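Visitor: I am new to this structure and would like a close look at a single part of it, the place where protein and DNA meet. Please take me through that part slowly and in connected prose.

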Number of protein chains: 2
Amino acid sequence: MKPQSINVEKVLRDKGFKLTKQRVEIFKEILGKRGHFEVEDIVHRIRRKGLKASRATVYRTLNILKEVGLLNEVVKFGNKTYYEIGTKEHHDHLICLNCGKFIEFHDNRIEEVQDQICGQFNFKPLYHRLEIYGICEDCNKNIKTDR
Amino acid sequence: MKPQSINVEKVLRDKGFKLTKQRVEIFKEILGKRGHFEVEDIVHRIRRKGLKASRATVYRTLNILKEVGLLNEVVKFGNKTYYEIGTKEHHDHLICLNCGKFIEFHDNRIEEVQDQICGQFNFKPLYHRLEIYGICEDCNKNIKTDR
DNA sequence: AGAAGTATGATAAAGTTTCTCATTGCAAAT
DNA sequence: ATTTGCAATGAGAAACTTTATCATACTTCT
């Protein structure tokens with residue numbers, strides 16, 4: 001199956017949202033991106049292409065996409081919010097404190113621990129977020145050989 | 001051992017920071033709190049007591065405490081940063097999306113998974129953050145019986 | 001008590017995100 | 001194809017969090 005073939009137009013229509021030029025442009029930008037991004041990324045990309053969508057519209061659109069599940073808010077880091085496409089399976093992140101790289105991973109044991117802990121507290125889990133901060137392989141090499 | 005007996009004054013002196021009225025007041029507020037708090041909590045508490053420490057000083061002091069390890073930044077949630085005293089052992093959090101309550105827990109399996117995953121990616125972990133979002137026991141009861 | 005240098009307060013400023021409201025544009029009905 | 005109703009947009013204001021600036025005040029060391 002092609003991940004690019006998500007029919008954003010259909011999803012939005014079904015939820016009663018209108019399909020505007022701006023939204024289409026923003027979708028394209030987001031779907032064209034593989035990794036993680038922040039709002040200003042999108043604003044600048046749109047601008048650079050000579051398209052027009054105000055900052056407010058970008059924010060509004062991202063919130064809608066989040067609402068319909070096409071976008072996930074991933075990490076709040078250094079006062080910024082990072083997003084990723086929300087249609088892949090759940091995963092967690094390694095985040096390099098040196099270069100800011102995000103590495104994705106998945107491990108079922110996390111879910112197991114989650115279910116067990118939540119059972120203990122009668123807590124109904126909806127989602128989780130695990131971020132492991134540290135130094136990635138590349139940076140580790142460079143730091144070691146930098147002097 | 002008494003957790004209250006952390007000698008903030010000594011820690012600061014040793015690191016070359018001066019001991020001012022404002023810092024002492026802010027320490028007291030923080031050490032007096034058991035749970036998690038945000039910056040405005042502290043600002044308002046200080047004000048309500050008729051003490052004086054500007055918002056800037058509160059921010060500066062929290063950053064110093066973070067630097068010397070007496071304070072941990074815990075969660076960024078809804079554009080706010082939450083803190084907790086940094087002298088307890090590591091733990092993670094269940095966060096209730098309804099009432100905002102934080103519940104602490106610890107499970108060694110998280111560390112095991114972390115080490116193994118990081119090994120796979122040659123990633124050097126420094127710390128992690130696991131937040132499980134959902135509905136706490138109390139809220140769950142209330143929501144169910146609310147109508 | 002005095003000197004040296006850090007900390008503070010008030011305010012400005014930077015940065016992110018939301019709100020306002022007049023105008024525009026989409027889409028459904030005519 | 002036009003009209004019409006309502007949702008969406010843009011531009012700027014505004015809210016909010018956090019940091020920077022800089023003259024003045026306070027700590028600490030001698």
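**Where the protein meets the DNA**

Guide: A good place to begin is B:Lys52, where a backbone N or O atom lies 3.4 Å from a phosphate oxygen of DNA strand C. This is a predicted model, and the distances that follow should be read with that in mind. On the same strand, a polar side-chain atom of B:Thr57 lies 2.6 Å from a phosphate oxygen of DNA strand C, and chain A takes part as well, with a polar side-chain atom of A:Tyr59 placed 2.8 Å from a phosphate oxygen of that strand. Looking at the elements behind such residues, those that give two or more residues to the surface near DNA strand C are α4 (55-67) and β3 (80-85) of chain A, together with α2 (21-32) and α4 (55-67) of chain B. The largest share of this surface, 5 residues, comes from α4(A).

Stepping back to the whole surface near DNA strand C, there are 24 residues around the strand, of which A:Tyr59, A:Lys80, A:Thr81, B:Thr57 and B:Arg60 come nearest. By class, this surface has 6 nonpolar, 8 polar and 10 charged residues. On the DNA side, 71% of the atoms of strand C within 4 Å of the protein belong to sugar or phosphate, while the rest belong to bases.

DNA strand D can be followed in a similar way. Around strand D there are 25 residues, and those that come nearest are A:Thr20, A:Ser54, A:Thr57, B:Tyr59 and B:Thr81. Of the atoms of strand D that come within 4 Å of the protein, sugar and phosphate account for 71%. The polar contacts here reach several kinds of DNA atom: a side-chain N or O atom of B:Thr81 is 2.7 Å from a phosphate oxygen of DNA strand D, a polar side-chain atom of A:Gln22 lies 2.9 Å from a sugar or linking oxygen of the strand, and a polar side-chain atom of A:Arg60 lies 2.8 Å from a base nitrogen of DNA strand D. The elements that give two or more residues to the surface near this strand are α2 (21-32) and α4 of chain A, together with α4 and β3 (80-85) of chain B. Of these, α4(B) gives the most, with 5 residues. The residues of the surface near DNA strand D divide into 7 nonpolar, 8 polar and 10 charged.

Since both protein chains appear in this account, it helps to see how they meet each other. In chain A, 37 residues are in contact with 36 residues of chain B, and the two chains bury about 3,400 Å² between them, 65% of it on carbon and sulfur atoms. Of the area that chain A buries against chain B, A:Lys76, A:Phe123 and A:Tyr133 supply 18%, more than any other three residues.

One last point concerns the cysteines, where the count comes to 0 disulfides over all chains. The sulfur of A:Cys139 is 3.7 Å from the closest cysteine sulfur, in A:Cys99, and a disulfide needs the two sulfur atoms within 2.5 Å, so this pair is too far apart for a bond. In chain B the sulfur of B:Cys139 is 3.6 Å from its closest cysteine sulfur, in B:Cys99, which is likewise too far for a bond. A:Cys139 is buried, with a relative accessible area of 7%, and B:Cys139 also counts as buried, at 7% relative accessibility.

Notes
Residues are numbered from 1 along each chain as its sequence is written. Chains are lettered from A and ligands numbered from 1 in the order in which they are written. This is a predicted model: local features need pLDDT of at least 70, side-chain atom pairs count only at pLDDT 80 or more; totals for chains, interfaces and linings use all residues. Side-chain values use heavy atoms; hydrogens and water are left out. Buried means under 20% relative accessible area, exposed over 50%, partly exposed in between (1.4 Å probe, protein chains only). A residue is near a molecule or strand if one of its heavy atoms lies within 4 Å of it. A polar contact is a pair of N or O atoms within 3.5 Å; within protein, one must be able to donate a hydrogen and the other to accept it, and residues adjacent in sequence count only if both atoms are side-chain atoms. Helices (H or I, at least four residues) and strands (E, at least two) are DSSP runs, numbered from the N terminus. Ala, Val, Leu, Ile, Met, Phe, Trp, Tyr, Cys and Pro count as nonpolar, Asp, Glu, Lys and Arg as charged, and the others, Gly among them, as polar. Contact means heavy atoms within 4.5 Å. Buried area is the accessible area (1.4 Å probe) that two parts lose on being put together, summed over both.
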